[in-house]
Structure formats: C-alpha cells, structure tokens
Protein chains: 2
Amino acid sequence: MERWTALNQSPADRRQCPVREVLDHLGDKWTALIVLTLSHGACRFSALQRTIPDISKRMLTQSLRNLERDGLLFRRVYPTKPPAVDYRLTPLGESFLGQLQALAIWAEDSHPTIRAARAQFDAANGEV
Amino acid sequence: MERWTALNQSPADRRQCPVREVLDHLGDKWTALIVLTLSHGACRFSALQRTIPDISKRMLTQSLRNLERDGLLFRRVYPTKPPAVDYRLTPLGESFLGQLQALAIWAEDSHPTIRAARAQFDAANGEV
DNA sequence: CAGGATCCGTACTGATACTG
DNA sequence: CAGTATCAGTACGGATCCTG
C-alpha cells in the first residue's frame, strides 16, 4: 500500500499532498485542542477561550477560520444585540475527531515506553 | 471516553500530556516523512537525504535524534573507514507508522471534501 | 461578545563552512 | 560519509488596541 508516496515528491508538488496538509494542520498546535473541545458539542468563542486557557484571541480566531475553511466546523452567528457565535463540528470534523482520538489512545498507550526510551537515551548521551 | 481531558489542563501541566507530545512531534514537519520513508526498511543518512529532497542536513540530524530519543528508531553505526550509519524503525516506531498510515488514508479520502469546502469558503469570503 | 489590525520578540529553519 | 557549529532570515505566536 503506497498511497503516501506522493509525500516525497519534489518540493513544488509537496503542497499538493493531502497528507502534508493534514500534518501541517496538526502542527498548528491549537487545531487539535479545538477539535477535541468541540467533541462535546457546539461551543461559543468565549467558552472555547475559557476551555483552552493559554490560547490568545488571535490564535483562536485564526485556527477557527482555518478549520471552518477546510469544512471541519460550522460557524453560526446569532444576530443578537451583542453578537453571539458558536462553532460545531461538521461530519467531516467528526471523522477527523475520530482520527485524533485514535492518535490520542496510541499516545497514551505508548507514553510509558516513550518516557522510558527517553530516560535511557538521556542517561546514555547526557553525561559526557 | 475521556482519556484526553488532560489536554486542557493548565499550561504547566500541558507538557505532561502524552497527546500533546505526539502532536508536537507531528508538527515537526519532518518526522512524519522520515518515519514513512523508513517504512520500507533500514536506510542510511545520505539515502534519507536523497529521498526527502528538501530537508537540510541540520533538520534531518535533529529529527533523527528526536526520534531516536523517543525510541521510535534505532541508529546503527558501522565502524568502517568512512563511517556508515543506518536507521530503522523500532517496534514502537512501526506502531507509530501504523497511526501515520491511518492518518494518511483519512487525509487522502477526505482531500476532495476539504478542497471543495475550501473553494466554497474562498468564493464566499474572498470577494469583498 | 466576537474578532480585526498592528507591533514586536522568539523560535524555528536553512545555508554555509568545518570536523572525524 | 555523517555529522557539528555558527549565522542570518523568516514566520509564528502573543500582547495590546480598536471596531461593530
């Protein structure tokens, strides 16, 4: 199964690679948190900000825009006096959430192994 | 299933979260490429460099070190006249590869949907 | 309340030159 | 061949101020 061979194309083609796009998304440092937060259901801007304490307004806005652009979440605006907005996952967003959860489970399961390897590596290479 | 609630802990605790660690890894921009390249078997430093054209020696070295430290790959040195080194996935690395492949498949499957959403979003918001 | 605009420091990255 | 060291550019992320 060589579906990701496109990963190693020339630099010019790299941007075309769907896998790169997804990976770049995950690298966004916040998108994953947002998607996981929205797994509980729709959420308002300020609520998201409270749930993810150390994200700035700027980054939250930007990340939400990217996710909306890619069709991973809906943005609903209620034209009330002080405007209210909430975000919820689209079906595509939910399927992405599934991937994230699989990754999260792998991460938790592998964490002890990784920590052990890290400790051993540091012990071997740390003291010169 | 709330195994990743630790994601939204206070900033200080954030570093403890295994999911964050994995995600940060993926954000490394190169680690995924390297792991996927090594899925074919052991590979030498220069071969990796050839397979991933637009990676600098510096980043390749750094990424390899991180992966080695986390126990995702072995580094073998052959003490020949011009030193030879090759890298191969550990069992942990292989299991990580599995996650990556699942993600790759999702990415490819979802790519058309994402592209469509993106086009629609740009059409709606692009022209002011 | 939601978010756009701007400024600015830091951290990541690449290119180059050097070593064993 | 397989790195290490140094330097410089960029782009990311945060803080602050401003708008509808």
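**Exercise 1. Phosphate contacts of DNA strand C**

Task: In this predicted model, find which side chains of chain A place a polar atom close to a phosphate oxygen of DNA strand C, starting with A:Ser46.

Solution.
- Step 1. Take A:Ser46. A polar atom of its side chain lies 2.7 Å from a phosphate oxygen of DNA strand C.
- Step 2. Move to A:Tyr87. An N or O atom in its side chain is 2.8 Å from a phosphate oxygen of the strand.
- Step 3. Add A:Arg44. Here the distance from a side-chain N or O atom to a phosphate oxygen is 2.9 Å.
- Step 4. Apply the cut-off. A polar contact needs N or O atoms within 3.5 Å. The values of 2.7 Å, 2.8 Å and 2.9 Å can be checked against it.

**Exercise 2. The protein surface near DNA strand C**

Task: Describe the surface near DNA strand C by elements, residues and residue classes.

Solution.
- Step 1. List the elements that give two or more residues. In chain A they are helix H4 (45-51), helix H5 (57-69) and strand E3 (84-89). Chain B adds its own helix H5 (57-69).
- Step 2. Find the largest share. H5(A) supplies it, with three residues.
- Step 3. Count the residues around the strand. There are 17. The closest are A:Phe45, A:Ser46, A:Arg75, A:Tyr87 and B:Met59.
- Step 4. Sort them by class. Seven are nonpolar, three are polar and seven are charged.
- Step 5. Look from the DNA side. Of the atoms of strand C within 4 Å of the protein, 64% belong to sugar or phosphate. The rest belong to bases.

**Exercise 3. Aromatic pairs**

Task: Search the whole structure for aromatic pairs, and state the geometry and setting of each one.

Solution.
- Step 1. Count. The search over all chains gives two pairs.
- Step 2. Take A:Phe96 and B:Trp106. Their centres are 5.1 Å apart, and their planes meet at 50 degrees.
- Step 3. Classify. Planes under 30 degrees apart would be stacked and those over 60 edge-to-face, so the rest are tilted. The pair of A:Phe96 and B:Trp106 is tilted.
- Step 4. Place the pair. It crosses between chains: A:Phe96 is in helix H6 (residues 91-126) of chain A, and B:Trp106 is in helix H6 (residues 91-126) of chain B.
- Step 5. Check burial. Both A:Phe96 and B:Trp106 are buried.
- Step 6. Take A:Trp106 and B:Phe96. This pair is also tilted, with 5.1 Å between centres and 50 degrees between planes.
- Step 7. Place it too. The pair runs from A:Trp106 in H6 of chain A to B:Phe96 in H6 of chain B.
- Step 8. Check burial again. A:Trp106 has a relative accessible area of 9%, so it is buried. B:Phe96 is at 3%, so it is buried.

**Exercise 4. A leucine of helix H6 in chain B**

Task: Determine whether B:Leu103 is buried or exposed, and which residues it touches.

Solution.
- Step 1. Locate it. B:Leu103 sits in helix H6 of chain B.
- Step 2. Read its accessibility. The value is 3%, so B:Leu103 counts as buried.
- Step 3. List its contacts, leaving out residues up to four places away in sequence. B:Leu103 touches A:Val22, A:Leu23, A:Leu26, A:Gln99 and B:Leu26.

**Exercise 5. Helix H2 of chain B and the positive phi at Lys29**

Task: Assess how covered helix H2 of chain B is, then examine the backbone at B:Lys29 and A:Lys29.

Solution.
- Step 1. Count buried residues. Helix H2 (residues 18-27) of chain B is mostly covered, with eight of its 10 residues buried.
- Step 2. Name some. Among them are B:Pro18, B:Val22, B:Leu23 and B:Leu26.
- Step 3. Go just past the helix. B:Lys29 has a positive phi of about 75 degrees.
- Step 4. Recall the background. Most residues other than glycine have a negative phi.
- Step 5. Place B:Lys29. It lies in the loop between H2 and helix H3 (31-37) of chain B. Its relative accessibility is 43%, so it is partly exposed.
- Step 6. Turn to chain A. A:Lys29 is not a glycine, yet has a positive phi of about 75 degrees. Its loop joins helix H2 (18-26) and helix H3 (31-37) of chain A. At 42% relative accessible area, A:Lys29 is partly exposed.

**Exercise 6. Chain A as a whole**

Task: Summarise the fold and surface of chain A.

Solution.
- Step 1. Count elements. Chain A has six helices and three strands.
- Step 2. Order them. The pattern along the sequence is α-α-α-β-α-α-β-β-α.
- Step 3. Gauge burial. Of its 128 residues, 45% are buried.
- Step 4. Gauge contact range. Among contacts between residues at least 6 apart in sequence, 43% join residues at least 24 apart.
- Step 5. Gauge the surface. The accessible area is about 6700 Å², and 53% of it belongs to carbon and sulfur atoms.

Key:
Residues numbered from 1 in each chain as written. Chains lettered and ligands numbered in written order. Predicted model: local features only at pLDDT ≥ 70, side-chain atom pairs only at ≥ 80, totals over all residues. Heavy atoms only, no water. Phe/Tyr/Trp six-rings, centres within 6.5 Å; stacked < 30°, edge-to-face > 60°. Helix = DSSP H or I, 4+ residues; strand = E, 2+ residues; numbered from the N terminus. Buried < 20%, exposed > 50% of the residue type's maximum accessible area, 1.4 Å probe, protein only. Contact = heavy atoms within 4.5 Å. Areas by Shrake-Rupley, 256 points an atom, 1.4 Å probe, with all protein chains shown as cover. Near = heavy atom within 4 Å. Polar contact = N/O pair within 3.5 Å; in protein donor to acceptor, adjacent residues only side chain to side chain. Nonpolar A, V, L, I, M, F, W, Y, C, P; charged D, E, K, R; others polar.
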